[in-house]
Amino acid sequence: MSDTIERVKCLIIGSGPAGYTAAIYASRANMFPVLYQGMQPGGQLTTTNDVENFPGYPDGITGPEMMIELQKQAQRFGTDVRDGWVTKVDFSGPVHKIWVNETTEIHTDTIIISTGASAKYLGLESEQKYLNLGGGVSACAVCDGFFYRNQEVVIVGAGDSACEEAHYLSKLCKKVTMLVRRDEFRASKIMEARVRNTENIEILFNTETDEVLGDGQVVTGVRVKNNVTGATDEIPATGFFVAIGHKPNTDIFKGWLDMDETGYIINKAGTAHTNVPGVFVSGDAADHVYRQAITAAGTGCMAALDAERYLAAVESETTVAS
Ligand code: NDP
């Protein structure tokens, strides 16, 4: 246990659009929120290129720029933004306990969980090997695409993320080969049309990754298999991008909060309340349907308002009782 235990009214975990929006509302409501940024300060949007669908930005804005603006807005009203990773929680009592970086213990009346979701990988041994070596496997075209300028790359996935990333890569790379496991896209029609109409993107349908090939240090190609014909082929590539969806970052709350089978936290319908009083959820940690920056921001606002009302009710009960 820590020597001194800090006591706060409102603790926000996560620094994506949900966390910062919750922070803006909570700080303007005098809840003096402390926000822990987590492993990926700024959240998933820092790995996104242009955000064109967030209202108020008619010319678009880059994901990282938007997150810097949101952080500044939260800090302007007094949010205490801190580096740190929440490693453990204890929701057994009326005051909630959290531990940061395994050691620092904080007690809080309310918690707003905005931990988002993380990229999924295929799980192939060769994929993980080159991922860990930093040798050419990535789940973020915007972060890493630059390293593959004028080179040939492969991307897996057929959702909006894969299309967005393939299109982004096509502007940097000589050729992008897109591996689609079914005979159709999952992406919206507009995103699909964008990749279909891009000359240097080749789409291989019914195609799965057999193995990421390399020289022991870096990726040199991908062996693929057609799941209808069984035919295999080797595609030369220096980069292997994975864009197959995300997993909610909710493991530390298992056993305390109600979740679905994937790990998305279940909120009470139409609210940000979880099954534990004083613990609220916002953003992708609870949303497997919309998963947009704007919906995350909206639920961040809801979480702060619900937390404020919860605190007011608890404080008035305490006043009546005393
Ligand atoms: P999705 O879950 O929508 O798509 C995942 C894709 O990966 C699917 O095509 C899926 O194939 C494929 N996939 C999954 N597992 C494997 C595997 N093991 N091997 C090969 N392929 C696999 O995730 P996204 O990240 O694309 O999108 C998430 C949400 O975010 C969506 O709601 C999307 O609309 C939204 N989004 C919106 C954007 C925008 O509006 N600008 C940009 C990016 C995302 P299959 O289809 O066969 O299941």
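# Charged residues in a predicted model

Reader: How far from the buried residue Glu127 is the nearest side chain of opposite charge?

Author: This is a predicted model, in which local features need pLDDT of at least 70, side-chain atom pairs count only at pLDDT 80 or more, and totals for chains, interfaces and linings use all residues. Residues are numbered from 1 along each chain as its sequence is written, and side-chain values use heavy atoms, with hydrogens and water left out. Glu127 is buried (under 20% relative accessible area, 1.4 Å probe, protein chains only) yet has no salt bridge, meaning a side-chain nitrogen of Lys or Arg within 4 Å of a carboxyl oxygen of Asp or Glu. Its nearest side chain of opposite charge (Lys and Arg count as positive, Asp and Glu as negative; His and the chain ends are not counted) is Arg181, at 12 Å.

Reader: Which residues does Glu127 touch, not counting those up to four places away in sequence?

Author: Glu127 is found in helix α3, residues 125–133. Contact means heavy atoms within 4.5 Å. By that rule Glu127 touches Tyr121, Leu122, Val137, Val212, Phe240 and Val242.

Reader: Why does Glu152 count as partly exposed?

Author: Glu152 lies in strand β11, residues 152–156. Partly exposed is the range between buried and exposed, the latter being over 50%. Glu152 counts as partly exposed because its relative accessibility is 28%.

Reader: What separates the C-alpha atoms of Glu152 and Asn200?

Author: Glu152 and Asn200 are 48 residues apart along the chain. Their C-alpha atoms are separated by 9.8 Å.

Methods: Helices (H or I, at least four residues) and strands (E, at least two) are DSSP runs, numbered from the N terminus.
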